[in-house]
Structure formats: structure tokens, C-alpha cells
Amino acid sequence: MGDLKALIFDVDGTLAETERDAHRVGFNQAFEEAGLDDHWSPELYGELLAVPGGKERIRHYWTRYKGEPEPDWEWVKGLHERKAEIYTERIRAGLVPPRSGILRLLGEAREAGVRLAIATTTTRAPLMELLAHTLAPEAADWFEVIVAGDEVAEKKPSPDAYHKAVEELGLPAEQCLAVEDSPPGVEAAVAADLPVVVTTSEYTRDREFPGALAVFDRLGEPDSEAARLLAGGAPLPEHGAVDLAYLRELFASRVADREAEA
Ligand code: XBP
Ligand code: MG
């Protein structure tokens with residue numbers, strides 16, 4: 001089955017705490033500007049995250065929470081566009097830092113020639129802003145493949161985004177490793193037969209992740225910001241961070257298990 005050839009990253013909750021620092025705030029401001037008195041508290045937003053996709057989330061809230069008829073899709077798109085603008089303003093204002101260990105792990109992968117991709121449910125234009133302002137001005141070039149929300153038929157938990165990412169990488173799924181933060185994301189990766197590890201985020205830290213190789217609370221930084229292993233995996237390195245060498249070991253043990261099963 002071979003070596004680890006590529007890492008495929010989720011975006012929201014994985015690269016940064018975008019749901020907490022930008023998306024939820026953006027939805028609420030967009031509602032207010034539209035003269036609506038709807039407000040998504042952190043608690044309600046946590047529930048609504050069960051529906052990936054911002055436009056789909058608004059529709060779900062309207063019909064299931066408010067019990068109103070299906071909202072006009074153009075109207076939903078308008079609200080969602082305004083949310084994306086507010087999100088982008090926050091990103092550009094530097095209000096959304098990368099999560100602990102993300103820049104380090106991306107650097108290790110690039111140095112080792114492990115290819116990088118993104119498979120996300122979020123929208124491409126704001127995502128490009130996130131890459132440039134939260135990671136680095138040239139960060140979009142680090143990723144050979146970027147698959148964003150509306151570019152596949154079905155959003156996560158459908159495996160479509162991951163299928164497209166591995167196809168564009170030209171690799172079999174079993175040579176890639178996905179990095180996720182949420183149950184629908186893990187479900188999508190598992191359905192695409194991708195090995196997956198989890199860094200839990202603000203909204204997912206108490207969740208379960210069936211099928212994940214390992215669950216951490218963050219990737220962490222060696223000798224300064226330790227990660228915690230929450231489920232699965234193998235003991236973390238002594239320096240306390242999830243690094244590429246550790247991920248390669250996890251990946252190799254999954255390959256060995258699969259070969260033993262075959
Ligand atoms: C998480 C999502 C997205 C965001 C909002 O995506 O479900 O819908 O909450 O982004 P990821 P949009 O797969 O990166 O975790 O409003 O652009 O959909
Ligand atoms: Mg996510």
C-alpha cells in the first residue's frame with residue numbers, strides 16, 4: 001500500500017477556529033443588517049453545525065428551528081454573501097489566528113515532500129482570504145489541490161470533496177491522510193476510505209469520531225504547547241506535539257492492519 005504521500009486538510013475548525021472567530025459572528029451580523037431578530041448563540045450554533053454548508057445551515061434553521069416555509073434560495077444566497085464579506089473583514093483584520101501546530105506541520109510536510117491538499121465545505125473566495133491572511137501570503141501555493149464547498153455535488157458528510165481531492169492528486173485514497181475536526185468531516189473521509197486523524201475544535205471537543213485513527217485536542221508545538229491524545233492513536237512523542245514522524249507511524253500501522261486483514 002506504500003508510504004504516506006499526501007495530507008488532505010479540512011479548513012473550518014482544523015486550520016483555524018473560524019466557526020468561533022468569524023463564521024458565527026458573520027451570520028449574526030448579516031441577520032442584524034437584514035433587519036432580522038435572529039441570533040445564533042454559541043450553543044445553538046454548535047447544534048446547527050450538524051449541517052455543513054453555510055447556505056444549507058440557514059435553510060435548515062429556517063425550516064426546522066423556526067418552522068417556517070422553505071426560504072427563497074436567492075435570499076439565502078444574499079445573506080450568505082454578506083456573511084462571507086464580514087468573515088473576510090475579520091480575517092483581514094487578523095482576528096483569526098492559525099491553530100496551534102498547523103504552520104509547523106504544513107512546513108514539515110512541505111520539507112519532506114509530502115503533498116498537500118484541502119477538502120472543505122466552505123466557500124472558495126473566503127477560503128483564499130483565510131489562507132493568505134491567517135497562514136501566509138503565499139499559502140495557497142502550498143496546496144496542490146483545493147476542493148471547496150460548491151464545487152462538488154454534495155457537501156460533507158458525503159465523501160464527494162475527498163473523492164475529488166484524491167482524484168485530482170492522482171493518488172489512491174490509502175496513500176493519503178485526512179486531518180479533520182468534526183464528525184461530518186470524519187464521516188466524509190471514512191466514506192472515501194481515507195485514513196483520518198482529528199484535532200478537536202471549540203465546537204467538537206466533546207464529540208466522538210468513529211473510524212478515526214486518533215483524536216487529539218490540537219496538533220500542538222514541541223516542548224511548549226503539548227497536544228493531548230483523546231482517543232485511539234499511539235502515545236505522543238516526548239516533545240508533546242503531533243508531528244509528521246508520528247503521523248507516518250500511525251499511517252504505517254493502519255497499512256499493516258489492513259494488510260493483515262486482507
Ligand atoms: C465547515 C462548514 C462550513 C462553514 C461555513 O466546513 O460546514 O459550512 O461552517 O462556511 P469544513 P460557508 O469542511 O471546512 O469544516 O458559509 O462558506 O459554507
Ligand atoms: Mg471542519
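## The loop between β3 and α7

Pro157 sits in the loop that runs between β3 (145-147) and α7 (160-169). In this predicted model, the peptide bond joining Lys156 and Pro157 is cis, with omega at about 15°.

## Two aspartates with positive phi

Next, a pair of backbone oddities. Asp193 isn't a glycine, yet its phi is positive, about 60°. You'll find Asp193 in the loop between α8 (183-191) and β5 (196-199). Its relative accessible area is 35%, so Asp193 counts as partly exposed, a class that spans the range between the buried cut-off of 20% and the exposed one of 50%.

Asp223 is another non-glycine with a positive phi of about 60°. This one belongs to the loop between β6 (214-216) and β7 (229-232). With a relative accessible area of 69%, Asp223 is exposed, because anything over 50% is put in that class.

## Helix α5 and its surroundings

Now for α5, which covers residues 102-112. Its buried residues are Ile102, Arg104, Leu105, Leu106 and Ala109, so an arginine is on that list too. The cover over these buried residues includes β1 (6-9), β2 (115-119), α6 (124-135) and α9. Right after the helix comes Gly113, with a positive phi near 75°.

One of those neighbours, α9 (residues 244-261), packs against α5 at an angle of about 75°, and the two axes are 10 Å apart. That angle falls between 65 and 115 degrees, so α5 and α9 are roughly perpendicular to each other. On the α5 side, the contact is made by Leu105, Glu108, Ala109 and Ala112, while α9 brings in Leu244, Leu247 and Arg248. Sorted by class, the residues of this contact come out as 5 nonpolar, 2 charged and no polar. Leu105 and Ala109 turn up in the contact and also among the buried residues of α5.

## α4 against α6

What angle do α4 and α6 make where they pack? It's about 5°, with the axes 9 Å apart. Since angles under 35 degrees count as roughly parallel, α4 is roughly parallel to α6.

Here Ala84, Tyr87, Thr88, Ile91 and Arg92 of α4 meet Pro126, Glu129, Leu130, His133 and Thr134 of α6. The mix in this contact is 5 nonpolar, 3 polar and 2 charged residues.

## The largest pocket

The largest pocket holds about 450 Å³ of space. Its lining is made of 34 residues, and the ones nearest the centre are Glu19, Leu49, Pro52, Arg57 and Ser182.

Several helices chip in: α1 (18-33), α2 (42-48), α3 (54-65), α4 (73-92) and α8 each give at least two residues to the lining. So which classes make up the lining of the largest pocket? The split is 14 polar, 13 charged and 7 nonpolar.

## The second largest pocket

Then there's the second largest pocket, with a volume of about 250 Å³. It is lined by 16 residues, with Glu17, Arg99, Thr200, Arg205 and Asp217 closest to the centre. By class, this lining has 9 charged, 4 nonpolar and 3 polar residues.

Conventions:
Residues are numbered from 1 along each chain as its sequence is written. Chains are lettered from A and ligands numbered from 1 in the order in which they are written. This is a predicted model: local features need pLDDT of at least 70, side-chain atom pairs count only at pLDDT 80 or more; totals for chains, interfaces and linings use all residues. Side-chain values use heavy atoms; hydrogens and water are left out. Axes are lines fitted to C-alpha atoms, for helices over the stretch in contact, and angles run from 0 to 180 degrees between N-to-C directions. Helices (H or I, at least four residues) and strands (E, at least two) are DSSP runs, numbered from the N terminus. Angles under 35 degrees count as roughly parallel, over 145 as roughly antiparallel, 65 to 115 as roughly perpendicular and the rest as oblique. Contact means heavy atoms within 4.5 Å. Ala, Val, Leu, Ile, Met, Phe, Trp, Tyr, Cys and Pro count as nonpolar, Asp, Glu, Lys and Arg as charged, and the others, Gly among them, as polar. Buried means under 20% relative accessible area, exposed over 50%, partly exposed in between (1.4 Å probe, protein chains only). On a 1 Å grid over the protein atoms alone, a cavity is a set of points where a 1.4 Å probe fits but cannot get out, and a pocket is an open set with protein on both sides within 12 Å along at least five of seven lines; lining residues have an atom within 4 Å of a point. Grid points are joined across faces, edges and corners, and a volume is the space filled by probe spheres set on the points.
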